[in-house]
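Q: I would like a close look at one part of this model, the surroundings of the metal in one of the bound ligands. Please take me through it step by step.
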Amino acid sequence: MRRFLPLVLAIGLVAVVGILPGLRWLLWQWELNPVLRGRQLAEEQGCLSCHVPYRGTEIPNPNSRWGNVPRFQGGNFMMYGESRQDLEEFIRFGAPRAWLDDPAVAERLQTQRVRMPAYGDRLADDEISDLVAYASAMEGVDLAGGDTVAAGRKLARQHGCLSCHGVEGSGGLPNPDSLGGFIPGFVGRNFADLVENEAEFREWVLDGTSSRLAGNPIVRHFWQRQALSMPSYRDTLDDQQVTEIWKWVQELRRSTAAAG
Ligand code: HEC
Ligand code: HEC
């Protein structure tokens, strides 16, 4: 037995030390959704250098149609295209087909300072589709629920929910020393574990907590240590406004589930 002691200790150590990273990995898999995957890819592929510019100041782009590189969330997409299809063509070909097929436009594109790179040969189809999901979310193209849940979406934006919970509730933004290491969004599977129904949602938003989870010692351990906590909105949001946000969240979850 003595001979095996180091081995037993080593296995024990791996089990204990490995639990948290393993759990974090699992929680991250549960959090993943097309928009979040697209955001990660956009960082890796350099999209943000051009589209989320330093200090939010658009990069000047002489000879281009509008004189600037469009900033994501700047309300620019409508000047460049109409549909998800156009958006996808930007990503695949660096411009919509209609631009590239027009000799005058194709010629002008040669002379502009900054060109959108074509990513079609660089990325797989599922990666492109995640980028389309992310860019659509950022640019407000074809959003879940459309106008029917516009009130809830607007409230969430106005009150800063998305700075912590990610564009279109896509989650996965860092939260040091929290159980998963990130702030859960509204569309992944973690949401379903943290919010079982509308009453719990209301409690989270109005009180910044969940009385069901507060009873769990492991959850409490991490809540006391994590860098960011859910604020309480009792002074700012009324019942009706929380209902609007809830309706929007339900629509987000429905459309993410439908997209797979
Ligand atoms: C080198 C700078 C650059 C990079 C990197 C870049 N783009 Fe672009 N992008 C542009 C420019 C410039 C335009 C505007 C078209 C034009 O004027 O030619 C554009 C247009 C777009 C548009 C349509 C316009 C809008 O406002 O929504 C989308 C969507 C887009 N890019 C997504 C992406 C994505 C996703 C990536 C990363 C995979 C990316 N871009 C990488 C420069 C860039
Ligand atoms: C400062 C960052 C921050 C802001 C702003 C914020 N939250 Fe949170 N939210 C958190 C954190 C951190 C948690 C806790 C997650 C945990 O501990 O498991 C959380 C939890 C939640 C939860 C339950 C868990 C889940 O999966 O989402 C809901 C619902 C929620 N927030 C909704 C909102 C809404 C609605 C707003 C805006 C009115 C908002 N939050 C604003 C950081 C924030």
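Which protein donors does the iron atom of ligand 1 have, and how far from it do they lie?

A: This is a predicted model, in which local features need pLDDT of at least 70 and side-chain atom pairs count only at pLDDT 80 or more, while totals for chains, interfaces and linings use all residues. Residues are numbered from 1 along each chain as its sequence is written, chains are lettered from A and ligands numbered from 1 in the order in which they are written, and side-chain values use heavy atoms, with hydrogens and water left out.

The iron atom of ligand 1 has His-51, through NE2, and Met-116, through SD, as its protein donors, lying 2.0 Å from it; donors are N, O and S atoms within 2.8 Å of the metal (3.2 Å for Na, K and Ca), and sites may look incomplete without water. Six donor atoms surround this iron and subtend angles of 87 to 179°, which makes the arrangement octahedral (six donors, with opposite ones over 155 degrees apart and all others between 65 and 115). The two protein donors link distant parts of the chain, His-51 lying in helix H3 and Met-116 in the loop between helix H7 (103–111) and H8, 65 residues apart; helices here are DSSP runs (H or I, at least four residues), numbered from the N terminus.

Around ligand 1 there are 25 residues, of which Cys-47, Cys-50, His-51, Met-116 and Glu-139 come nearest (a residue is near if one of its heavy atoms lies within 4 Å). At least two residues of this shell come from each of helix H3 (47–51), helix H4 (77–80), helix H5 (84–93) and helix H8 (125–139). By residue class, the shell around ligand 1 divides into 17 nonpolar, six polar and two charged.

Polar contacts (pairs of N or O atoms within 3.5 Å) add detail. Besides giving a donor to the iron, His-51 has a side-chain N or O atom 2.8 Å from a nitrogen atom of ligand 1. Oxygen atoms of ligand 1 are approached by polar side-chain atoms of Gln-112, at 2.7 Å, and of Glu-139, at 2.6 Å.

Ligand 2 offers a second iron site to set beside this one. The protein donors there are His-165 (NE2) and Met-230 (SD), lying 2.0 to 2.1 Å from the iron atom, and the six donor atoms subtend angles of 88 to 178°, which makes the arrangement octahedral. His-165 lies in helix H10 and Met-230 in the loop between helix H14 (217–225) and helix H15 (239–259), so this pair ties together parts that are 65 residues apart in sequence. Among the 23 residues around ligand 2, those that come nearest are Cys-161, Cys-164, His-165, Trp-223 and Met-230. The shell around ligand 2 holds 17 nonpolar, six polar and no charged residues. A polar side-chain atom of Trp-223 lies 2.9 Å from an oxygen atom of ligand 2.

Methods. A polar contact is a pair of N or O atoms within 3.5 Å; within protein, one must be able to donate a hydrogen and the other to accept it, and residues adjacent in sequence count only if both atoms are side-chain atoms. Ala, Val, Leu, Ile, Met, Phe, Trp, Tyr, Cys and Pro count as nonpolar, Asp, Glu, Lys and Arg as charged, and the others, Gly among them, as polar. Four donors count as tetrahedral if all angles lie between 85 and 135 degrees; four count as square planar and six as octahedral if opposite donors are over 155 degrees apart and all others between 65 and 115; anything else is irregular.
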